[in-house]
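I opened my notebook for this one and kept the entries short. Here is what I looked up, in the order I did it.

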Number of protein chains: 2
Amino acid sequence: MIGSLYAGHLASCAEVSVLTRRGEHARALVDEGLRISGKSDLTARVHATADPEHLPDFDLGIVATKATQLEDAAAALAGRARGATMMTIQNGLGAEELLRARGDWPLVSAVTFMSGVRHSDTHVEYELDTETWLGPYAGTTTYEQAQEIEALLVAAGLRARAFPDLRPAQWSKLIFNATVNTVAALTDLPHVGVFAAVDEPTDLGRLVRDLMDEGKAVAAAAGVELHEDPWEMNVQAVQRGETLAARGHYAHVPSMLEDVRSRRRTEVDFITGALVREAERLGVPVPLQTAMYRLVKARESA
Amino acid sequence: MIGSLYAGHLASCAEVSVLTRRGEHARALVDEGLRISGKSDLTARVHATADPEHLPDFDLGIVATKATQLEDAAAALAGRARGATMMTIQNGLGAEELLRARGDWPLVSAVTFMSGVRHSDTHVEYELDTETWLGPYAGTTTYEQAQEIEALLVAAGLRARAFPDLRPAQWSKLIFNATVNTVAALTDLPHVGVFAAVDEPTDLGRLVRDLMDEGKAVAAAAGVELHEDPWEMNVQAVQRGETLAARGHYAHVPSMLEDVRSRRRTEVDFITGALVREAERLGVPVPLQTAMYRLVKARESA
């Protein structure tokens with residue numbers, strides 16, 4: 001879904017090929033084009049195939065699968081597009097290492113809070129037009145290369161910002177996601193006001209804050225100075241949601257809650273799991289994040 | 001449902017009146033009698049009314065509402081049955097104080113793990129025929145009086161055991177319930193094997209054990225020496241469940257999970273909430289139990 005937002009916009013200023021999982025998805029994209037509604041309004045012509053063998057060579061690969069499908073995508077790309085730079089955009093940590101294990105492509109790390117609603121194989125509604133943040137990964141690319149991609153995304157009508165080091169932004173999003181997603185998945189609540197409520201002893205916001213404090217301690221131990229405070233991100237997102245709700249919009253349903261409602265595997269291993277493993281490696285106690293991780297794993301098995 | 005199990009059995013050796021919430025429930029009981037199937041097989045004649053004014057005087061009142069309905073039941077009983085001894089059987093802590101605020105009846109505390117399935121207003125299936133444990137409450141009754149009730153319950157075909165002090169048993173059940181119920185309500189899992197699994201770092205049993213360890217620290221601070229170790233109770237219940245599952249029985253669905261599935265108010269304030277409040281009063285940190293309490297409260301509001 002995020003991949004479609006990139007593909008649809010980039011087709012206005014570059015030749016775009018889409019690698020899908022399903023053949024019928026690729027055929028529908030070729031036949032009908034890719035429609036983006038909402039914050040943008042366009043129908044893009046794209047190449048598309050479900051067969052990696054038929055993927056033409058390319059300069060920039062945007063790997064926009066869910067974290068849970070990245071292993072399969074990386075296997076499909078192994079040995080291909082040797083000249084390309086790859087950009088990962090998965091939630092959590094570890095996407096770059098996972099891709100890197102399948103090829104020595106130069107890598108750019110990215111995160112985004114863009115969101116959309118998938119209406120069909122060929123129609124995605126562009127909901128939240130927030131920035132894509134990107135930066136060089138582990139010396140395989142430079143800040144200048146990240147800035148070139150920023151310029152390309154902006155030329156395509158998207159919002160983007162390159163950083164010399166993405167980790168401060170990546171970790172801010174990691175802590176935010178590790179917390180908001182598991183709390184939503186367990187309470188069956190979309191990201192609404194109670195996530196920021198802290199007045200009463202039983203208020204959920206107190207747990208959200210305690211969970212984020214654990215995450216911040218891990219970031220500090222990892223030597224990462226956060227780009228944004230996750231608790232502030234939470235408060236702002238809740239306020240933005242309330243403004244939208246007043247105009248009749250539905251509250252944002254975090255992807256992990258969507259996944260447990262649909263009885264799909266969640267990204268918890270890549271988000272909260274990654275945070276818990278980092279905490280263990282660094283010797284930082286995270287009992288609450290660990291509890292949330294175990295609860296969501298158990299809920300997945302239900 | 002537990003109340004029906006007491007009423008149906010006691011009718012064999014005592015005159016039993018049932019105070020219901022709904023008039024049609026009382027009328028059906030009078031017209032059809034009360035049928036118990038499963039571990040027992042009987043149909044009992046009982047008096048029944050939904051109007052406290054029409055409740056005849058009695059010697060022993062068994063107050064077997066859910067904890068969430070106890071306040072209403074206590075209000076209905078206020079000023080009545082002045083000569084009676086009352087026995088509370090609610091989950092959690094605080095039922096005796098709540099009843100005591102509405103009348104100075106001598107009180108007997110009780111807990112039970114009996115369970116059943118309510119098939120209709122007049123038919124309950126008796127599932128788990130475990131003991132009712134009871135004891136004198138705060139000097140308002142004696143051990144001998146508790147033993148008399150034990151004898152009455154046993155004469156009625158139920159299993160019962162009187163204790164000079166019920167608190168060790170009450171707290172064992174409290175810690176067990178505070179943990180197993182919230183974990184089930186949040187994971188959507190019945191009480192199955194993973195509740196006792198501790199091999200892998202993500203295994204749910206590790207969280208269950210950590211939660212119970214917090215509860216045990218509170219009991220120790222309250223000067224209560226537990227009757228049974230809650231973790232052992234958990235392991236045994238899981239094993240019993242697996243034996244039953246092998247014979248085709250469904251796994252036990254803890255009441256708090258039933259409640260959240262049916263979008264009813266849960267007993268969490270009386271169980272986990274009571275434990276968290278006791279912990280605060282005694283200065284014992286219980287971060288995991290507090291997290292579970294906040295999550296279930298939030299889930300109730302979803």
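**Entry 1: how the copies relate.** I superposed chain A on chain B and got a rotation of 180° with 0.0 Å of shift along its axis, at an RMSD of 0.0 Å. That is the relation of a two-fold axis. Looking along chain A for the C-alpha nearest that axis, I landed on Leu186(A), 2.7 Å from it. A reminder to myself: this is a predicted model, and every number here is computed from it.

Next I looked at the interface residues. Of those in chain A, 100% are also interface residues in chain B, so the copies meet through the same surface.

**Entry 2: salt bridges.** Side chains of opposite charge can pair when their charged atoms come close. I searched the whole structure for such pairs and found 28 salt bridges over all chains. I picked a few to look at one by one.

The first I wrote down is Arg22(A) with Asp121(A), whose closest N and O atoms are 2.8 Å apart. This pair links distant parts of the chain, with the two positions 99 residues apart. Arg22(A) sits in the loop between strand S1 (17-19) and helix H2 (23-32) of chain A, and Asp121(A) in the loop between strand S8 (115-120) and strand S9 (123-128) of chain A. I checked both for exposure: Arg22(A) is partly exposed at 33% relative accessibility, while Asp121(A) is buried at 17%, given that buried means under 20%.

Then I went to a pair across the chains: Arg294(A) and Asp210(B) meet in a salt bridge at 3.7 Å, N to O. Arg294(A) belongs to helix H11 (residues 287-301) of chain A and Asp210(B) to helix H7 (residues 204-221) of chain B, so the pair joins two chains. Arg294(A) is buried, at 9% relative accessible area, and Asp210(B) is partly exposed at 32%.

In chain B I also noted Asp259(B) with Arg264(B), the closest N and O atoms being 2.9 Å apart. Asp259(B) is buried at 1% relative accessibility, whereas Arg264(B) is partly exposed at 42%. Back in chain A, salt bridges that share partners join Arg22(A), Glu24(A), Arg118(A) and Asp121(A) into one network.

**Entry 3: the sheet in chain A.** I traced an open sheet of five strands, in the order S5-S6-S7-S10-S11 of chain A, with mixed pairing. Its edge strands are S5 (60-63) and S11 (160-162) of chain A, each pairing on one side only. The twist averages 25° from one strand to the next. I looked closer at one edge: S5(A) and strand S6 (residues 85-88) of chain A pair in the parallel sense over four bridges. Which residue of S6(A) is the bridge partner of Ile62(A)? I found Met87(A) there.

**Entry 4: the sheet in chain B.** Here I read an open sheet of five strands in the order S5-S6-S7-S10-S11 of chain B, with mixed pairing. The edges are strand S5 (60-63) and strand S11 (160-162) of chain B. At the S11 end, three bridges join strand S10 (residues 132-136) of chain B to S11(B), and the two run parallel. Trp133(B) has Arg161(B) as its bridge partner in S11(B). I also noted helix H5 (residues 143-155) of chain B, which lies across S5, S6, strand S7 (107-112), S10 and S11 of chain B and runs at about 170° to S11(B).

**Entry 5: helix H11 in chain B.** I compared the length of this helix with expectation. At 1.5 Å a residue, the 15 residues of H11 (residues 287-301) of chain B should span 21 Å, and the end C-alpha atoms are 21 Å apart, which agrees. Eleven of the 15 residues of H11(B) are buried, so this helix is largely enclosed by the rest of the structure. Among the buried ones I listed Leu288(B), Met292(B), Tyr293(B), Arg294(B) and Arg299(B).

**Entry 6: positive phi.** I looked for positive phi outside glycine. Ala81(B) has phi near 45°; this residue is in the loop between helix H3 (70-77) and strand S6 (85-88) of chain B. Arg263(B) has a phi of about 55° and lies in the loop between helix H9 (255-261) and helix H10 (272-282) of chain B. Buried or exposed? Ala81(B) is buried, with a relative accessible area of 8%, and Arg263(B) is exposed at 62%.

Conventions: Residues numbered from 1 in each chain as written. Chains lettered and ligands numbered in written order. Predicted model: local features only at pLDDT ≥ 70, side-chain atom pairs only at ≥ 80, totals over all residues. Heavy atoms only, no water. Least-squares fit on C-alpha atoms with pLDDT ≥ 70 in both. Contact = heavy atoms within 4.5 Å. Salt bridge = Lys/Arg side-chain N within 4 Å of Asp/Glu carboxyl O. Buried < 20%, exposed > 50% of the residue type's maximum accessible area, 1.4 Å probe, protein only. Pairing = 2+ DSSP bridges. Axes fitted to C-alpha atoms, helices over the stretch in contact; angles between N-to-C directions. Expected span 1.5 Å × (residues − 1).
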